[in-house]
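Got the viewer open and a free hand for the mouse? Here is a short tour, one selection at a time.

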Amino acid sequence: MDRQPTDMRRVWRGIVRTIFWSYERGSWPYDLMVILIVAFVLATPRHWFHDAPFPSALARFDIQLLSADSDAQTRTYRLDAKVLPSEKRSTKATPELEREFHDILGRTVDELKERTFQVRRIEPVHSGDGSVLYYDVTVGL
């Protein structure tokens, strides 16, 4: 059997055309790449990307309106610490924690949906052992 060496220029041209997506629509390499992308999207397990659906039903029941001050246009909500994953719970206010609470409140509190508001203060409520039970979150409208 006499084998001819692979033309490396042809291999590199194929790699470059694949990376820069330069195949014509309707050609077999283009169709193959589309099929591979769709198969990847549909077959990849969700846990590979740490993606989980937001527990909106849980969050609705774990959010209580504590007070509303119409003069200062603020509302204070009490959120159960369980609405956050354990690795995101913090004993002090951080920008990341503010973003999380802004997202949660914006998705679950009817008065805040599709409305502009700002998280003004986050106060953790601790249990006897020092762990966070609740967060009192004050928002400005």
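Start with the whole chain in cartoon view: the protein chain has four helices and four strands. Bear in mind that this is a predicted model. Walk along from the N terminus and the elements come in the order α-α-α-β-β-α-β-β.

Now switch on the surface. About 10900 Å² of the protein chain is exposed, with carbon and sulfur atoms supplying 54% of that area. Of its 141 residues, 26% count as buried. If you like contact maps, take the contacts between residues at least 6 apart in sequence: 47% of them join residues at least 24 apart.

**Stop 1: H1 and what follows**

Select helix H1, residues 8-19. How far apart are its end C-alpha atoms? They are 16 Å apart, and this agrees with the 16 Å that 12 residues should span at 1.5 Å a residue.

Next, pick Trp-21, which sits in the loop between H1 and helix H2 (28-43). Check its backbone: just after H1, Trp-21 takes a positive phi of about 50°. That deserves a look because most residues other than glycine have a negative phi.

Stay there and show side chains. By the ring-centre rule, with a cut-off of 6.5 Å, the count comes to two aromatic pairs. One of them joins Trp-21 and Tyr-30, with 5.4 Å from centre to centre and 70° between the planes. Planes over 60 degrees apart count as edge-to-face, so 70° puts Trp-21 and Tyr-30 in that class. Colour the two partners by accessibility and they part ways: Trp-21 is partly exposed at 35% relative accessible area, whereas Tyr-30 has 14% and counts as buried.

**Stop 2: the loop after H2**

Move on to Phe-49, in the loop between H2 and helix H3 (56-61). Is Phe-49 buried or exposed? It is exposed, with a relative accessible area of 52%; the cut-off for that label is over 50%. Select around it, leaving aside residues up to four places away in sequence, and you will find that Phe-49 touches Phe-40 and Thr-44.

**Stop 3: between E1 and E2**

Jump to Gln-73, in the loop between strand E1 (63-69) and strand E2 (74-80). Here is another positive phi, about 55°, in a residue that is not a glycine. Gln-73 is partly exposed, with 47% relative accessibility.

While E2 is on screen, select Arg-78 together with Tyr-134. The charged end of Arg-78 sits over the ring of Tyr-134, at 5.2 Å from the ring centre.

**Stop 4: around helix H4**

Last selection: helix H4, residues 95-108. Its 14 residues should span 20 Å at 1.5 Å a residue, and its end C-alpha atoms are indeed 20 Å apart.

Now look down the axis. Which residues of H4 are buried? Leu-97, Glu-100, Phe-101, Ile-104, Leu-105 and Thr-108 are. These residues cover an arc of only 120° around the axis, so they lie on the same side of H4. The spacing fits the usual geometry: an α-helix has 3.6 residues a turn, so residues three or four places apart point the same way. Rotate to the other side of H4 and you meet Pro-95 and Arg-99, both exposed.

Conventions: Residues numbered from 1 in each chain as written. Predicted model: local features only at pLDDT ≥ 70, side-chain atom pairs only at ≥ 80, totals over all residues. Heavy atoms only, no water. Phe/Tyr/Trp six-rings, centres within 6.5 Å; stacked < 30°, edge-to-face > 60°. Buried < 20%, exposed > 50% of the residue type's maximum accessible area, 1.4 Å probe, protein only. Lys NZ or Arg CZ within 6 Å of the ring centre and 35° of its normal. Helix = DSSP H or I, 4+ residues; strand = E, 2+ residues; numbered from the N terminus. Expected span 1.5 Å × (residues − 1). Arc of directions from axis to C-beta. Contact = heavy atoms within 4.5 Å. Areas by Shrake-Rupley, 256 points an atom, 1.4 Å probe, with all protein chains shown as cover.
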